Amino acid sequence: MRHFTSVYDLPNLPEAIKSALELKSNPYGFQHLGKNKTMVLIFFNSSLRTRLSTQKAAMNLGMNTMVLNVNQDGWRMESELGVVMDGDKPEHLREAIPVIGRYCDIIGVRAFANLEDKQDDYTEKILNQFIDFAGVPVVSMEAATRHPLQSFADLITIEEHKTKPSPKVVLTWAPHPKALPQAVPNSFVEWMRQTNYELVVTHPKGYELDPQFMGDVNVEYDQDKAFEGADFIYAKNWSSYTDYGEILSKDRAWTVTPQKMAVTNNAKFMHCLPVRRNMIVSDEVLDSSASIVVDEAENRVYSAQTILKMILEG
Ligand code: SN0
């Protein structure tokens, strides 16, 4: 594996899960792999878990890390090719990316969807420039359309908590005050489709995800019905894909509450975090023993470490 941007970059998913669980029980066994190697983490957007867990993963493997918050600490970056750079962006990605590549062995990059131009976002304009110009392996730390390190951690977490071989997993839309990208739900569906779990997606009309990610996954527009007998509830807000980037609903009837959880099979509650309390999920659910959001966040270390280990070995 050279770059990691989606589940399709993994040669073997069950092997990757096994490797992640082994690293979790023996995190420091491969420090020789990262000796004298450097990872640079580039953030175009905010981060807490991704920043810390990816650095921790790299350090567990003996690597050094450097972090740059573009647009805050660095020069503002132009990403359009062929433009006259007479505005407020002094540096072009076309130079910045290969320069960063000369300073390190792996680049991690976070570049969210801008939610203005569907075409720009869904062709992964920024991530692909990194892949084209970095000269070193590139790891997505959430791009415009996918968040693969998150989905991998989600899968590891379900594997640890499941009590039957093929649990019922429900991805539910939930309300939020801001327009958010589709990256987390797209990716979650993409990874779940590689398993033998029963996957159901529930959301209000108008929030249909890109068919490229959904394939033949079952959509149940009635959230209560979707929750029946579920073993895992994965909540997430996203903005509309068809009405691109629009907020069509802030209906708090979709907030995950104890009443909704009552029809599940004692389901565990999951969210990638950060989570808006009493918008996405009520305090009672998030503070209950059903919530495994912190376990999920912990597993971000081992999803990242598995990927970095594979790249270093490659
Ligand atoms: C991001 C998203 O893609 O939805 C990152 C999730 C890992 N989430 C947010 O930007 C939340 C921001 C907010 O205002 O709640």
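**Entry 1. Terms, and a first salt bridge**

I call a residue buried under 20% relative accessible area, exposed over 50%, and partly exposed in between. The model I am reading is predicted. With those cut-offs I looked up K125, which has a relative accessible area of 22% and is therefore partly exposed. K125 forms a salt bridge with D120, and I noted 3.2 Å between the closest N and O atoms. D120 has a relative accessible area of 21%, so I entered D120 as partly exposed too. I then found that E80 is linked with D120 and K125 in a network of salt bridges. For the structure as a whole I recorded eleven salt bridges. My margin note says that side chains of opposite charge can pair when their charged atoms come close.

**Entry 2. Two further salt bridges**

I next looked up D287 and R277, whose side chains meet in a salt bridge at 2.9 Å, N to O. This pair links distant parts of the chain, since D287 sits in the loop between α11 and α12 while R277 sits in the loop between β11 and α11, ten residues apart. I have D287 as exposed, because its relative accessible area is 54%, and R277 as partly exposed, with a value of 41%.

In helix α12 I found K309 and E313, four residues apart, or about one turn of the helix. Their side chains meet in a salt bridge, which I noted as 3.2 Å from N to O. Is K309 buried or exposed? Its relative accessible area is 12%, so I wrote it down as buried, whereas E313, at 46%, is partly exposed.

**Entry 3. The loops on either side of α11**

I went back to the loop between β11 (268–270) and α11 (283–286), where P274 lies. A cis peptide bond joins L273 and P274, with omega about 0°. The same loop, between β11 and α11, holds N278, and the phi of N278 is near 65°, a positive value in a residue other than glycine. I noted both because most residues other than glycine have a negative phi, and most peptide bonds are trans. N278 is partly exposed, given a relative accessible area of 30%.

Past α11, I looked up S291 in the loop between α11 and α12 (293–313). S291 is buried, as its relative accessible area is 16%. Which residues does S291 touch, leaving out those up to four places away in sequence? I listed F269, V285 and L286. I also noted that the C-alpha atoms of S291 and M270 are separated by 6.4 Å, although these residues are 21 residues apart along the chain.

**Entry 4. β1, β2 and a surface patch**

Before β1, in the loop that follows α1 (13–25), I found N36. The phi of N36 is near 60°, again a positive value in a residue other than glycine, and N36 is exposed, with a relative accessible area of 65%.

Strand β1 (residues 38–43) pairs with strand β2 (residues 64–69) in the parallel sense, and I recorded six bridges. Between these strands the chain passes through helix α2 (residues 49–60), and the resulting β-α-β crossover is right-handed. Within the pairing, V40 has M66 of β2 as its bridge partner.

M66 turned up again on the surface, where M66, V99 and Y103 make a nonpolar patch of about 300 Å². I placed V99 in helix α3 (residues 93–102) and entered V99 as partly exposed, because its relative accessible area is 37%.

How values were computed
Residues numbered from 1 in each chain as written. Predicted model: local features only at pLDDT ≥ 70, side-chain atom pairs only at ≥ 80, totals over all residues. Heavy atoms only, no water. Pairing = 2+ DSSP bridges. Helix = DSSP H or I, 4+ residues; strand = E, 2+ residues; numbered from the N terminus. Right-handed = clockwise from strand over helix to strand, strands pointing away. Buried < 20%, exposed > 50% of the residue type's maximum accessible area, 1.4 Å probe, protein only. Patch = residues over 30% accessible without salt bridge, like charges linked within 9 Å, V, L, I, M, F, W, Y side chains within 5 Å. Areas by Shrake-Rupley, 256 points an atom, 1.4 Å probe, with all protein chains shown as cover. Salt bridge = Lys/Arg side-chain N within 4 Å of Asp/Glu carboxyl O. Contact = heavy atoms within 4.5 Å.
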